[in-house]
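Please open the structure in a viewer and keep the selection panel at hand. The tour below moves from one selection to the next.

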Amino acid sequence: MEELLVTEGRALKHVQVREYVRSLVSGAAPGSPAPSERELVQRFGVARMTVRQAMDALVVEGLLERIPGRGTFVARPRRVASRLTSYTEEMQRRGLLAESQTLLARREQAGPGVARALNLTEGDAVIHWRRLRRADGIPMCIEDAYLNEILIPGFLQAGMPTSLYEALDARGLRPTWAEDSITADVATEEEAGLLETETGAAVLRHSRRAVAEEKVVEVSRSVYRADRFTMWVQLGEEG
């Protein structure tokens, strides 16, 4: 098979490995063996951790599956849960134009709740990024994201990115899975002012703990206008 490599100079090594493996196994019969980690380490001259990151991404995506004691193989087709998306990607999926306004971006000391969620010690440095998110020009949600500063040095100094997940992806830290919780509530006076709704109006509170390579990279708390946003969840049974 002709070797297909990602040739973009800026492409991260794990992305090159991931796309190479994808090119080899796409269309292959379920149960076909994937390239071994040793083979990929030798071919690309990278660390085993880099190869594992690439393979993990394809396992999470559902293209590959690991069978303990045997190896990694092309996965059988299955229904997958909703893809982990950023706000911008989710709005694009709904056919809406996403816009963001930074309300606050600064270095803070982690409080007890944020520290526990990010697996840090209370008082450790975190980046707090608060944004008002719009869709087609109408306020949709207020999002407070807390990031582990140690994992993303120079983040504030580089200027705030358009997309947090794209910025994390460029550092090899795009979340591959997350724990989400959603609760119904009413808007406070401050929230109502930003969301251009009434105090006491129905809102959805969405909390996320996002993980990449077993590192918690983001904890966020968002408040959505319930009259503008519907949460979609895909469910299925494997087997």
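**A strand pair as starting point**

Select Trp177 and Val211: Val211, in E7, is the bridge partner of Trp177. The model in view is a predicted one. Next, extend the selection to strand E6 (residues 177-186) and strand E7 (residues 202-212), which run antiparallel and are joined by 10 bridges.

**Across the hairpin**

Continue to strand E8 (residues 215-225), which pairs with E7 in the antiparallel sense over 10 bridges. Between the strands of this hairpin lie two residues, and one residue to select here is Glu213, whose phi is positive, near 55 degrees. Further along the pair, select Leu204, which stands opposite Tyr224 of E8.

**The other side of E8**

Keep Tyr224 selected and add Cys141, whose bridge partner in E8 is Tyr224. Now show strand E5 (residues 138-148), which runs antiparallel to E8 and is joined to E8 by seven bridges.

Remain in strand E8 and select Ser222. Is Ser222 buried or exposed? Its relative accessibility is 3%, so Ser222 counts as buried, the limit for that term being under 20%. Display the residues that Ser222 touches, leaving aside those up to four places away in sequence: Ile142, Glu143, Leu204, Arg205 and His206.

**The whole sheet**

Select the six strands in the order E3-E4-E5-E8-E7-E6; they form an open sheet with antiparallel pairing. Strand E3 (98-109) and E6 are at the edges and have a single partner strand each, so one side of each lacks a neighbour in the sheet. On average, neighbouring strands of this sheet are turned by 15 degrees against each other, direction ignored.

**Helix H1**

Move to helix H1 (residues 13-25) and place a distance label between its end C-alpha atoms, which are 19 Å apart. The 13 residues of H1 should span 18 Å at 1.5 Å a residue, so the two values agree.

Which residues of H1 are buried? Select His14, Val15, Gln16, Val17, Tyr20, Val21 and Val25. In an α-helix there are 3.6 residues a turn, so residues three or four places apart point the same way. To see what surrounds the buried residues of H1, show helix H2 (37-44), helix H3 (48-61), strand E1 (64-67) and strand E2 (71-74), against which they pack.

Finish at Gly27, just after H1, where phi is positive at about 85 degrees.

Technical notes:
Residues numbered from 1 in each chain as written. Predicted model: local features only at pLDDT ≥ 70, side-chain atom pairs only at ≥ 80, totals over all residues. Heavy atoms only, no water. Pairing = 2+ DSSP bridges. Helix = DSSP H or I, 4+ residues; strand = E, 2+ residues; numbered from the N terminus. Axes fitted to C-alpha atoms, helices over the stretch in contact; angles between N-to-C directions. Expected span 1.5 Å × (residues − 1). Buried < 20%, exposed > 50% of the residue type's maximum accessible area, 1.4 Å probe, protein only. Contact = heavy atoms within 4.5 Å.
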